[in-house]
Amino acid sequence: MVLVLTCIGCFALFFFCSTATVYKICGWMQLAAGTCLVLGCLIYPDGWDADEVKRMCGEQTDKYTIGACSVRWAYILAIMGIMDALILSFLAFVLGNRQDGLMGEELLGDKSGNA
């Protein structure tokens with residue numbers, strides 16, 4: 001929840017910081033969200049040896065062995081979310097590094113005081 005509120009607060013940074021800085025901050029936050037998703041997907045199967053899961057999926061269920069049950073679409077979507085977070089953080093870093101090249105010559109001239 002804190003990460004979501006911080007992401008929303010980053011919109012206000014456009015008023016105080018340069019666009020490239022905001023892109024880089026948001027890129028780091030997106031990378032942190034992707035890392036949390038990776039940890040969640042790695043830790044999730046660790047609970048498959050719980051008593052409730054053994055009752056539903058059979059006694060052969062153990063950590064990282066699901067037994068008679070199957071992993072459905074939610075876990076696959078979480079993995080797709082990881083890929084999405086990594087791609088979007090990469091794009092944010094690329095945009096942050098290229099932001100000066102994307103700006104018009106007249107804006108860069110005004111910023112440096114040469115115009």
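How many aromatic pairs does a search of the whole structure find? The search finds three, and the legends below visit them along with some charged residues. Please keep in mind that this is a predicted model.

**View 1. W28 and F93 meet edge-to-face.** In this close-up, the ring centres of W28 and F93 are 5.2 Å apart. Their planes stand at 75 degrees, and because angles over 60 count as edge-to-face, the pair gets that label. W28 belongs to helix α2 and F93 to helix α4, so the two rings tie together parts that are 65 residues apart in sequence. W28 counts as exposed, because its relative accessibility is 55%.

**View 2. Y44, W48 and Y75 form an aromatic cluster.** Here you can look at three residues together: Y44, W48 and Y75 are linked into a cluster by ring pairs.

**View 3. K63 and D46 form a salt bridge between two loops.** Now for the charged residues. Side chains of opposite charge can pair when their charged atoms come close. A search of the whole structure finds two salt bridges, and one of them joins K63 to D46, with 3.6 Å between the closest N and O atoms. This pair links distant parts of the chain, 17 residues apart. You will find K63 in the loop between α3 and α4, while D46 sits in the loop between α2 (19-43) and α3. Are these partners buried or exposed? K63 counts as partly exposed because its relative accessibility is 41%, and D46 also counts as partly exposed, at 30%.

**View 4. E52 and R55 form a salt bridge within helix α3.** In this pair, the closest N and O atoms are 4.0 Å apart. Why are E52 and R55 separated by about one helical turn? Both lie in helix α3, and they are three residues apart, which means about one turn of the helix lies between them. R55 is exposed, with a relative accessible area of 65%.

**View 5. E59 sits in the loop between α3 and α4.** The last stop is the loop that runs between α3 (51-57) and α4 (73-102), where E59 lies. With a relative accessibility of 62%, E59 counts as exposed. To find your bearings, look for D49 as well: E59 and D49 are ten residues apart in sequence, and their C-alpha atoms are 9.1 Å apart in space.

Key: Residues numbered from 1 in each chain as written. Predicted model: local features only at pLDDT ≥ 70, side-chain atom pairs only at ≥ 80, totals over all residues. Heavy atoms only, no water. Helix = DSSP H or I, 4+ residues; strand = E, 2+ residues; numbered from the N terminus. Buried < 20%, exposed > 50% of the residue type's maximum accessible area, 1.4 Å probe, protein only. Salt bridge = Lys/Arg side-chain N within 4 Å of Asp/Glu carboxyl O. Phe/Tyr/Trp six-rings, centres within 6.5 Å; stacked < 30°, edge-to-face > 60°.
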